[in-house]
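User: Hi! I am new to protein structures and would like to go through this one step by step. Could you help me read it?

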Amino acid sequence: MNRWIWPGAVVVTLGAATAAASFVGPQPVPTAPFASSASRVSVVCPAFESVTATVRVAVAATGPGLRTSKVTEPNQGGDAGAFKVLTNPGQPLRVSAPLPGPFGATSVVVAENGPDRGLSASGCVVPRTDHWFTGVDVRTQAQSEVVVSNLDGTTASVDLTAYGEDGKVAAPRGVEVAGNTSATISLGVLPRLDGPLTVRVSSSDGRVAAFVRQRTWQTDVPLGVDWLPSGSEPGTDQVIPGIPEGGGTRKLVLTNPGERTASVTIGVLSDSGPIELTGSEQVEVPAGVTRTVDLAAGLAGQAGALKLTSTQPVTAGMWLDTGGDDARRDPAYTVATAPVPADAVWPLAVGKSGRTVLQLANPGETDASVSVTTSANGEAAGQPKIVTVGPGSTITVPVDAAGASVVRVKTQATDLRAALVSTERLGRVRGLAVVDLAAQDASSATAQVVFDPHAGS
């Protein structure tokens, strides 16, 4: 057995909650509504300690009041100005900002070698009661784990539900995550499967932020690592953005958590408009089952997005990598996402040697006009670039190389999807990472607003 897979039981690592001497118990949520100037929304950014990797969390906002703190130290937050990059914070971070101005945050991990080898990135997410991860790797060579953060003052109970190629798979349930802590749940306790599965992370008595970190090994040699993003809830119309150009793995993962067989029609959005995948345009997914479809031949190395239409609600994601032998290949993942909001800000600290493009995908039937503004290292933004994304098509907008970039996307289109696709040479490794851009809460158009007594006004 691979010695890197955690054995036995669920491993839960809880950070100790830190409270100020004058703070006794959780603060009650005020019953009176707050004015927009006093209402804040918080997201959680994944981060961890690593000997061989550099972890960067980039945060940006369009207005004042952006704050950061460790999840375990909510009273020790600091003002982040309009833009900040935190290097090697050591544990997940809470990032909050007042409404209504948009703000964003992402985490990037860069390593030439070691257990976190490659380029990996994740968007930061709003705590909620449900997270769906499609494409979880539980093969014998995989080491996957769920990281759960609880920003509330009370304990949350977390259940995992898993769907494999033969139906539901036994998974941990009732994992308690104390308030203002993070927990790591090893997926090494799940049965080893040859293909991917989908894991639903849910909490019936609290909202949590959840992330999946996936590593693959050959004996004790790391082959790559990345974050698997949380995708849209099951639906009959799904769009997966962020498919990069070039060769390598291109596997579509579909899961039907319902009780009837789903017939899924697969379409491709490309820079030349919608195209068909000969031989793979329709897939049957039985109830409670996960199916995998190899699309490498049909995509033929071109960049694009997938548009899926199903007779029953499904979840969807893709396994990607850069191709080549094990010494060069780097994995990445992209999933079905909700449309981008009318105004969104996305910082990304890939590093000066990295290259990033913004991919915009329009599954609609009319043109989508988009304003794209970029800035480097917190400097003043340039003039907006107005681009038009034709119906059923995608376009890519290059982002100037910089240690850290901020991309602002504004559009009146209601069905537009977007992703940041980054590449970087890390020694022999051809690094690849995809950050799907959607509303801060991927399960709804509007993030849930809560009073945060630790965040300040």
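User: Let's start with strand β18. How many of its nine residues are buried?

Analyst: Happy to help! This is a predicted model, in which local features need pLDDT of at least 70 and side-chain atom pairs count only at pLDDT 80 or more, while totals for chains, interfaces and linings use all residues. Residues are numbered from 1 along each chain as its sequence is written, and side-chain values use heavy atoms, with hydrogens and water left out. Strand β18 covers residues 235-243 and is largely enclosed by the rest of the structure, because its buried residues (buried means under 20% relative accessible area, exposed over 50%, partly exposed in between, with a 1.4 Å probe and protein chains only) number seven of the nine.

User: Which strand pairs with β18 over six bridges?

Analyst: Strands are DSSP runs of E with at least two residues, helices are runs of H or I with at least four, and both are numbered from the N terminus. Two strands count as paired if DSSP finds at least two bridges between them. Here the pairing is antiparallel, and Q238 stands opposite L308 in the partner. That partner, residues 304-321, is β24.

User: What share of the whole protein's residues is buried?

Analyst: The protein has one helix and 33 strands. Its chain holds 457 residues, and the share of them that counts as buried is 56%.

User: In what order do the strands of the open four-stranded sheet lie?

Analyst: As general background, strands of a sheet pair through backbone hydrogen bonds, either parallel or antiparallel. In this sheet the pairing is antiparallel, and the order is β26-β31-β28-β29.

User: Why is one side of β26 and of β29 left without a neighbour in the sheet?

Analyst: β26 (343-348) and β29 (385-389) stand at the edges of the sheet. One side of each is left without a neighbour there because each has a single partner strand.

User: Which residue of β31 is the bridge partner of L348?

Analyst: β26 and β31 (residues 405-411) run antiparallel and are joined by six bridges. Within β31, the partner of L348 is S405.

User: What volume does the second largest cavity have?

Analyst: A cavity is a set of points on a 1 Å grid over the protein atoms alone where a 1.4 Å probe fits but cannot get out, and its lining residues have an atom within 4 Å of a point. Grid points are joined across faces, edges and corners, and the volume is the space filled by probe spheres set on the points. The search of the whole structure finds four cavities of 30 Å³ or more, and the second largest holds about 90 Å³.

User: Which elements give two or more residues to its lining?

Analyst: The second largest cavity has 13 lining residues, and L348, V350, T356, A402 and S405 lie nearest its centre. Two or more lining residues come from each of β27 (355-362) and β31.

User: Where is the cis peptide bond that involves P100?

Analyst: P100 sits in the loop between β6 (93-98) and β7 (103-111). Omega is about 10 degrees for this cis bond, which joins L99 and P100.

User: Is T219 buried or exposed?

Analyst: T219 is in the loop between β16 (209-218) and β17 (221-228). Although T219 is not a glycine, its phi is positive, about 60 degrees. With a relative accessible area of 62%, T219 is exposed.

User: What is the relative accessible area of A300?

Analyst: A300 lies in the loop between α1 (296-299) and β24, and its phi is near 55 degrees, a positive value in a residue other than glycine. A300 is exposed, with a relative accessible area of 64%.

Terms used: On a 1 Å grid over the protein atoms alone, a cavity is a set of points where a 1.4 Å probe fits but cannot get out, and a pocket is an open set with protein on both sides within 12 Å along at least five of seven lines; lining residues have an atom within 4 Å of a point.
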